[in-house]
Amino acid sequence: MHTFQPYPIELLELNPFTKIGKEWALVTAGNKQKCNTMTVSWGGLGVIWGKNVVYIFVRDSRYTKEFIDDGDFFSLSFFDKDYKEALSYCGVNSGRNEDKWEKSDLTPAFRHSIPYPDEANLVFLCKKMAAVPMPEETFTDNSVMGTWYKDNDMHTMYVGEIIEVMAR
């Protein structure tokens with residue numbers, strides 16, 4: 001197990017366009033009995049309702065969505081570039097019918113009973129604040145549906161209050 005320390009959020013210096021959009025992150029949810037993780041490359045960081053938040057987008061078909069929906073907490077974790085292959089694996093494999101943790105060579109760890117991958121180097125522990133389905137009728141750009149949702153596998157946007165940042 002790696003040693004993580006609390007990291008003051010006001011000291012964060014990261015580019016969300018790079019961290020999320022290009023390097024990717026893992027969202028992890030569940031409990032000590034069963035949890036799952038998946039790659040996210042859509043999302044951001046910001047402030048809403050007076051809280052520091054992350055927001056991520058998860059397709060309806062994803063197994064990890066069940067864990068996010070069933071719980072009150074999730075983590076968003078970032079890695080160094082040596083873990084790109086593991087993040088790729090977690091992006092295309094479900095975990096529903098296999099041990100994704102073992103197959104990706106990642107290890108579930110827990111803080112405040114919130115799961116996260118022990119191999120990460122920066123982790124946001126989050127309390128779920130909102131789950132916002134994104135049906136077709138919400139799009140104002142007509143090209144979105146044809147470009148991103150040809151199979152009708154829609155996204156839900158999750159907003160999570162960042163309750164703790166950990167770094168190693």
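**Exercise 1. Classify Cys-35 in this predicted model as buried, partly exposed or exposed.**

Step 1. Take the relative accessibility of Cys-35, which is 13%.
Step 2. Apply the cut-off: buried means under 20%.
Step 3. Cys-35 therefore counts as buried.
Step 4. Place Cys-35 in its surroundings. A core of 16 residues, separate from the largest one, includes Cys-35, along with Phe-4, Tyr-116 and Leu-125.

**Exercise 2. Explain why Cys-35 and Cys-126 form no disulfide.**

Step 1. Recall the bond: a disulfide joins the sulfur atoms of two cysteines covalently.
Step 2. Set the cut-off: the two sulfur atoms must lie within 2.5 Å.
Step 3. Check Cys-35. The closest cysteine sulfur, in Cys-90, is 11 Å away, too far for a bond.
Step 4. Check Cys-126. Here the closest cysteine sulfur belongs to Cys-35, at 15 Å, again too far.
Step 5. Add burial. Cys-126 is buried, with a relative accessible area of 0%.
Step 6. Close the count: the structure has zero disulfides.

**Exercise 3. Describe the largest nonpolar core and the contacts of Leu-76.**

Step 1. Count the residues: this core has 22.
Step 2. Find those with the most contacts inside the core. They are Val-27, Ile-56, Phe-74, Leu-76 and Phe-124.
Step 3. Trace the elements. Those giving two or more residues include strand 2 (25–30), strand 5 (51–59), helix 2 (63–70) and strand 9 (122–133). Strand 10 gives the most, four residues.
Step 4. Look around Leu-76, leaving aside neighbours within four places in sequence. Its contacts include Ala-25, Val-27, Val-40, Ile-56 and Phe-124.
Step 5. Set this against the general trend: in soluble globular proteins, nonpolar side chains tend to be buried together.

**Exercise 4. Characterise the largest pocket and its lining.**

Step 1. Take the volume: about 250 Å³.
Step 2. Go to the centre. Of the 15 lining residues, the closest to it are Met-38, Thr-39, Val-40, Ser-41 and Arg-62.
Step 3. Assign the elements. Strand 3, strand 5 and helix 3 (84–92) each supply at least two lining residues. Helix 3 has the largest share, with four.
Step 4. Sort by type: eight are nonpolar, five polar and two charged.

**Exercise 5. Locate Ser-113 and Asn-152, and give their phi and exposure.**

Step 1. Ser-113 sits in the loop between strand 7 (108–111) and strand 8 (114–117). Its phi is near 65 degrees, positive in a residue other than glycine. At 49% relative accessibility, Ser-113 is partly exposed.
Step 2. Asn-152 sits in the loop between helix 5 (143–148) and strand 10. Phi of Asn-152 is also positive, near 65 degrees. At 53%, Asn-152 counts as exposed.

Note on methods: Residues are numbered from 1 along each chain as its sequence is written. This is a predicted model: local features need pLDDT of at least 70, side-chain atom pairs count only at pLDDT 80 or more; totals for chains, interfaces and linings use all residues. Side-chain values use heavy atoms; hydrogens and water are left out. A nonpolar core is a set of buried Ala, Val, Leu, Ile, Met, Phe, Trp, Tyr and Cys residues joined through side-chain atoms within 4.5 Å. Buried means under 20% relative accessible area, exposed over 50%, partly exposed in between (1.4 Å probe, protein chains only). Contact means heavy atoms within 4.5 Å. On a 1 Å grid over the protein atoms alone, a cavity is a set of points where a 1.4 Å probe fits but cannot get out, and a pocket is an open set with protein on both sides within 12 Å along at least five of seven lines; lining residues have an atom within 4 Å of a point. Grid points are joined across faces, edges and corners, and a volume is the space filled by probe spheres set on the points. Ala, Val, Leu, Ile, Met, Phe, Trp, Tyr, Cys and Pro count as nonpolar, Asp, Glu, Lys and Arg as charged, and the others, Gly among them, as polar.
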